Amino acid sequence: MINANLANTIGNLLNRTLGLLKKNCQSTLAVDSYVAAEGNKLKATVEKLVEKACVHYQNLELSAACETVLEIGNAGNLYIDEQAPWTLFKQGETAFETAAKDLVIVLEAMRIISIALSPITPGLSLRIYSQLGYTEEQFNAVSWSDTKWGGLKAGQVMAHAMPIFARIEDGTEAETKSAATKKVSKEKAPKSKSPVEA
């Protein structure tokens with residue numbers, strides 16, 4: 001069930017957002033994600049869920065951690081549906097700028113999702129991270145502190161939208177438990193007293 005939700009929630013959100021960015025912004029971010037999200041409700045939601053996921057990781061509650069990260073995806077889908085940037089782009093001027101910011105905000109949430117899921121699904125996380133314009137070397141260098149909001153920068157060029165997976169292999173959960181244990185042991189997840197600043 002978690003794997004199906006990953007496909008539907010996260011995959012669809014990434015594809016639709018990158019598609020809108022390509023169509024309207026030449027796949028280029030218009031503004032820093034930190035600036036775009038000033039006072040934004042989705043940013044606040046993401047930050048709370050990241051802290052919650054961190055606690056689950058510390059307790060090795062991997063399914064609960066995954067479900068919490070999925071909540072970020074659900075919040076992102078709800079946000080983009082409410083904001084309807086496809087409509088705002090057509091209105092031009094100020095509305096166009098608002099729509100461009102909304103895409104940056106959603107893609108920043110996707111960046112954080114990819115890092116927050118990396119202890120469980122490193123391969124999937126890399127595919128998400130790569131579509132956000134990063135290299136594999138950059139992905140391998142991330143730590144839990146990189147879940148802090150503000151990683152995406154103005155002018156950053158996203159990759160073309162591609163399915164992050166067609167289907168999930170049966171062995172995924174066994175593989176990811178092993179990966180999670182390794183990543184947690186390497187302090188990919190932060191210490192309990194500092195959920196964001198590991």
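This is a short talk on a few residues and one helix pair in a single protein chain.

The model is predicted, so I will start with confidence, meaning the predictor's own score for each residue. The chain has an average pLDDT of 84, and 79% of its residues score at least 70. Two stretches do poorly. Residues 168-188 have a pLDDT that stays under 50, and the model gives them 23 contacts beyond four places in sequence. Residues 191-198 are also below 50, and there the model has 14 contacts beyond near neighbours in sequence. I will leave both stretches there and go on to single residues.

Take Ser33 to begin with. Ser33 sits in helix α2, which covers residues 33-36. Is Ser33 buried or exposed? Ser33 has a relative accessible area of 0%, so it is buried. What does its side chain make a polar contact with? The partner is the side chain of Glu108, at 3.2 Å. Glu108 also appears among the residues that Ser33 touches once neighbours within four places in sequence are set aside. The others on that list are Val104, Trp149, Gly150, Gly151 and Leu152.

Next is Leu49, in helix α3, residues 41-58. Its relative accessibility is 10%, and the cut-off for buried is under 20%, so Leu49 counts as buried. With neighbours within four places in sequence left out, Leu49 is in contact with Thr68, Glu71 and Ile72. You can also look from Leu49 to Leu70, which is 21 residues away along the chain. The C-alpha atoms of Leu49 and Leu70 are 9.4 Å apart.

Now the helix pair, α6 and α7. Helix α6 runs over residues 93-117 and α7 over 122-131, and Ser118 is in the loop between them. The axes of α6 and α7 come within 8 Å of each other and cross at roughly 155°. Angles over 145 degrees count as roughly antiparallel, which is why α6 and α7 are described that way. The crossing of α6 past α7 is left-handed. Which residues meet across this pair? From α6 there are Met110, Arg111, Ser114, Ile115 and Leu117, and from α7 there are Ser125, Ile128 and Tyr129.

Staying with the loop, Ser118 has a relative accessible area of 2%, so it is buried. A polar atom of the Ser118 side chain lies 2.6 Å from the backbone oxygen of Ile115. Ile115 is also one of the α6 residues that meet α7.

Last, two residues with a backbone angle to look at. Most residues other than glycine have a negative phi. Ala84 has a phi near 45°, a positive value, and it is not a glycine. Where is Ala84 found? Ala84 is in the loop between α4, residues 62-83, and α5, residues 85-91. Its relative accessible area is 16%, so Ala84 is buried.

The second is Glu93, also not a glycine, with a positive phi of about 50°. Glu93 is placed in helix α6. Is Glu93 buried or exposed? At a relative accessible area of 71%, Glu93 is exposed, whereas Ala84 is buried.

To recap the surface question: Ser33 is buried, Leu49 is buried, Ser118 is buried, and Glu93 is exposed. That is the end of the talk.

Technical notes. Residues numbered from 1 in each chain as written. Predicted model: local features only at pLDDT ≥ 70, side-chain atom pairs only at ≥ 80, totals over all residues. Heavy atoms only, no water. Helix = DSSP H or I, 4+ residues; strand = E, 2+ residues; numbered from the N terminus. Buried < 20%, exposed > 50% of the residue type's maximum accessible area, 1.4 Å probe, protein only. Contact = heavy atoms within 4.5 Å. Polar contact = N/O pair within 3.5 Å; in protein donor to acceptor, adjacent residues only side chain to side chain. pLDDT = per-residue confidence, 0-100. Axes fitted to C-alpha atoms, helices over the stretch in contact; angles between N-to-C directions. Parallel < 35°, antiparallel > 145°, perpendicular 65-115°, else oblique. Left-handed = near helix turned anticlockwise from the far one by under 90°.
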